[in-house]
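Biologist: I am new to this structure and would love a close look at a single part of it. Could you take me to the nonpolar core and walk me through the helix packing that goes with it?

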Amino acid sequence: MTKTFKPLTSLPEWRTLEAHYRKVDGMQLRKLFAEDPKRGERLAVPAVGMYFDYSKHKITDETVRLLVKLAEAAGLRASAEAMFRGEKINTTEKRAVLHTALRAAKGATIMVDGENVVPAVHAVLDKMALLANKVRDGKWIGHTGKPIKNIVNIGIGGSDLGPVMAYEALRHYSHRGLTFRFVSNVDGSDFAEAVQDLNPKETLFIVASKTFTTQETMTNANTAKEWALRILKDPEAIAKHFVAVSTNADAVAKFGIDTANMFGFWDWVGGRYSMCSAIGLSTMIAIGPENFQEMLKGFRAMDEHFRTAPFEKNLPVLMGLLGLWYNNFFGAQTIAVLPYCQFLKRFPAYLQQLTMESNGKRVTIDGTAINYQTGPIYWGEPGTNGQHSFYQLIHQGTKLIPCDFIAFSKPLDRLGRHHDLLMANVFAQAEALAFGKAEQELRKEGVSDELVPHKTFKGNRPSTTILMDELTPAALGKLVALYEHSVFTQGAIWRVNPFDQWGVELGKVLAGKIAPELEAKTEPELAHDSSTNALIRRYRKNRA
């Protein structure tokens, strides 16, 4: 039976926060720092290899205390424990939520329906390692006797965003003798460009689809099969040039893939939480099983921190509460994620699915319509590129946009003074957002009255700075898990289910109806709205 809740906004803890917000809404970060010289050190938490500086937020100690009270009143600790125990907290799909089991230590015990799932997880990881080493060592031989040199991952959503983000993030650690490409969009140009310069005789495709029926993925997979067979000719060649990440053995075998090269995962792994599973096969081939295990250790370290640290020192909880503070009380609609690391260029795109598909919900777990804002919009670009793009709006625009700055003390590529300049920009941007530049300062510098309004920075723009030593596989694991558990924190308080995604289903169903109408040889009888009917007819006419 689904649990019912009192309205979140009726909780005393919520109402206390509303009253507190009215008191602190006008407070200035300049004043807060001036009154508390130690604020920058006091409102920072070093934990799990991260330095989490949240001092440049529009908060006081009382704000943090009240936000923690809200988390406690919402039962966050009990919800987290239920997840870690393997309870079926994905109530609409009646599933456990155990992405944490994907990185559990080998001797751990996590029960789902009376079975310890950890041995099965490690069996898949071991099987992945065998294939990864075989490809990396040049021992996976294609149909014509040539070793595999190209790996193309075909997936969509979490089956693409996780692998491509991880590959780009950890490219420094990758096997440079191998080429990696990623295909997700059903737009044929995505596939065509990915294989443009590849030789089918040296190419291995990873087809990632749990059901092996995902429309976009299977369309691309079948195109890949046709592409390969144009050169390889023999249908038996498919078994040497395709592997599957799936649970549908019959469909995999029918496609021509040897089911011995099928890597399974479980219904308690959501797509956007799956990069530690067999979905990460391309990542393991790229960086090697040892580095993949280091990444899992990083995930595991943050899992343990989230599970055990007190809320006021708990990095994912603090991150989630700060996001909720701006979303629900200040009316901020977006959060900018700004990694000052070119390797993390796909990290904001990865977070878009993780955060917005998880918490973009309009009803609570019990089906009640929500009367408060849920998931904010996540977006961003790596610095310093973003500074020459959208930072103007963040600094002087009319919208409040909290920012997450992510940076590393040690560069992976040491080139002259590049890294010091990069880091100078991280610290300068966070400082400028917080403190701005006042009119009187500009006048002292001799700026004309005409230009003063244009050059004034009001400041008081909130940001978190996450500083780590170096972008290692373990560091990436910690960073991803930080955001995973932050999403969970917010979902638990907002009382939504972060692990379903019914909102994407309707479009898929309608596309399934429209596609035959677009492809029909004779004019179809259309029964859509007048706009959709007109668009279909115009498309058919223009295409012809």
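**A look into the core**

Modeller: Happy to! In the largest nonpolar core, which has 134 residues, Phe347 and Tyr483 are the members that touch the most others. The helix that gives the most to this core is α20, with 12 residues. Please keep in mind throughout that this is a predicted model.

Let us start from Phe347. Leaving aside residues up to four places away in sequence, Phe347 touches Met165, Val337 and Ile406, and also Leu479, Val480 and Tyr483. There is also a second, separate core, made of 24 residues, and among them are Val152, Val195, Leu198 and Met218.

Now for the helices. Two packed helices are described by the angle between their axes and by the distance between those axes. Helix α15 covers residues 347-359 and helix α20 covers residues 473-494; their axes are 10 Å apart, and the two pack at an angle of about 20 degrees. An angle under 35 degrees counts as roughly parallel, and α15 and α20 are therefore roughly parallel to each other. Their crossing is right-handed.

Which residues make this contact? From α15 come Phe347, Tyr350, Leu351, Leu354, Thr355, Ser358 and Asn359. From α20 come Leu479, Val480, Tyr483, Glu484, Val487, Gln490, Gly491 and Trp494. Sorted by character, the residues of the contact between α15 and α20 are nine nonpolar, five polar and one charged. Both Phe347 and Tyr483 appear in this contact, and these are the two residues with the most contacts to other members of the largest core.

For another pairing, look at helix α1 (residues 12-24) and helix α14 (residues 315-330), whose axes come within 11 Å and cross at roughly 80 degrees. That angle makes α1 roughly perpendicular to α14. On the α1 side the contact is made by Trp14, Leu17, Glu18, His20, Tyr21 and Val24, and on the α14 side by Trp325, Asn328, Phe329 and Phe330. Here the contact residues divide into seven nonpolar, two polar and one charged.

One last stop is Thr532, which lies in helix α22 (residues 530-543). Is Thr532 buried or partly exposed? Its relative accessible area is 22%, and buried means under 20%, so Thr532 is partly exposed. Between Thr532 and Ile514 there are 9.5 Å in space, C-alpha to C-alpha, and the two are 18 residues apart in sequence.

Notes: Residues are numbered from 1 along each chain as its sequence is written. This is a predicted model: local features need pLDDT of at least 70, side-chain atom pairs count only at pLDDT 80 or more; totals for chains, interfaces and linings use all residues. Side-chain values use heavy atoms; hydrogens and water are left out. Axes are lines fitted to C-alpha atoms, for helices over the stretch in contact, and angles run from 0 to 180 degrees between N-to-C directions. Helices (H or I, at least four residues) and strands (E, at least two) are DSSP runs, numbered from the N terminus. Angles under 35 degrees count as roughly parallel, over 145 as roughly antiparallel, 65 to 115 as roughly perpendicular and the rest as oblique. Contact means heavy atoms within 4.5 Å. Ala, Val, Leu, Ile, Met, Phe, Trp, Tyr, Cys and Pro count as nonpolar, Asp, Glu, Lys and Arg as charged, and the others, Gly among them, as polar. A crossing is left-handed if the near helix is turned anticlockwise from the far one by less than a right angle, and right-handed if clockwise. A nonpolar core is a set of buried Ala, Val, Leu, Ile, Met, Phe, Trp, Tyr and Cys residues joined through side-chain atoms within 4.5 Å. Buried means under 20% relative accessible area, exposed over 50%, partly exposed in between (1.4 Å probe, protein chains only).
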